[in-house]
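Colleague: I'm new to this one. Could you walk me through how to read it?

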Amino acid sequence: FGTNVLGTLVVLAWTVATSSIVFGSLQAAKLLRVTAEEEEMGVDLAEHLPRDGVTPLKSKMMGAVMRHRGSGSGASSRACGASETTATYA
């Protein structure tokens with residue numbers, strides 16, 4: 001039993017030390033934070049924005065919203081979780 005506890009503590013200490021070195025280095029190099037612009041936009045959009053030649057995401061989203069709103073009565077849209085208010089996108 002004592003050997004297992006010692007082994008667990010050794011692995012725990014090694015993990016903490018290694019993680020501290022890696023993440024401390026990344027933090028010192030300022031690689032752990034996203035820019036203010038990316039944070040405002042949302043990291044998913046910042047990382048996965050469409051590239052040249054691809055329909056912009058906003059256009060795709062707005063097209064899907066408009067198709068959804070025009071595809072049925074207000075009751076069915078509300079049943080799908082759609083809001084009655086109009087969303088605005090910056």
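Modeller: Sure, starting with the surface: the chain has an accessible surface of about 7,700 Å², and 63% of that belongs to carbon and sulfur atoms. Such areas come from the Shrake-Rupley method with a 1.4 Å probe, and for residues only the protein chains shown count as cover. This is a predicted model, where local features need pLDDT of at least 70, side-chain atom pairs count only at pLDDT 80 or more, and totals for chains, interfaces and linings use all residues. Residues are numbered from 1 along each chain as its sequence is written, and side-chain values use heavy atoms, with hydrogens and water left out.

Colleague: How many helices and strands does the chain have?

Modeller: Helices (H or I, at least four residues) and strands (E, at least two) are DSSP runs, numbered from the N terminus. Here the chain has 5 helices and 0 strands.

Colleague: What share of the residues count as buried?

Modeller: Buried means under 20% relative accessible area, exposed over 50%, and partly exposed in between. Of the 90 residues in this chain, 2% are buried.

Colleague: Is Lys 30 buried or exposed?

Modeller: Lys 30 is exposed, since its relative accessible area is 71%. You'll find Lys 30 in the loop between H1 and helix H2 (36-41).

Colleague: What about phi?

Modeller: Most residues other than glycine have a negative phi. Lys 30 isn't a glycine, yet its phi is positive, at about 60 degrees.

Colleague: And where is Val 16?

Modeller: Val 16 sits in helix H1 (residues 2-28). Val 16 counts as partly exposed because its relative accessibility is 49%.

How values were computed:
Buried < 20%, exposed > 50% of the residue type's maximum accessible area, 1.4 Å probe, protein only.
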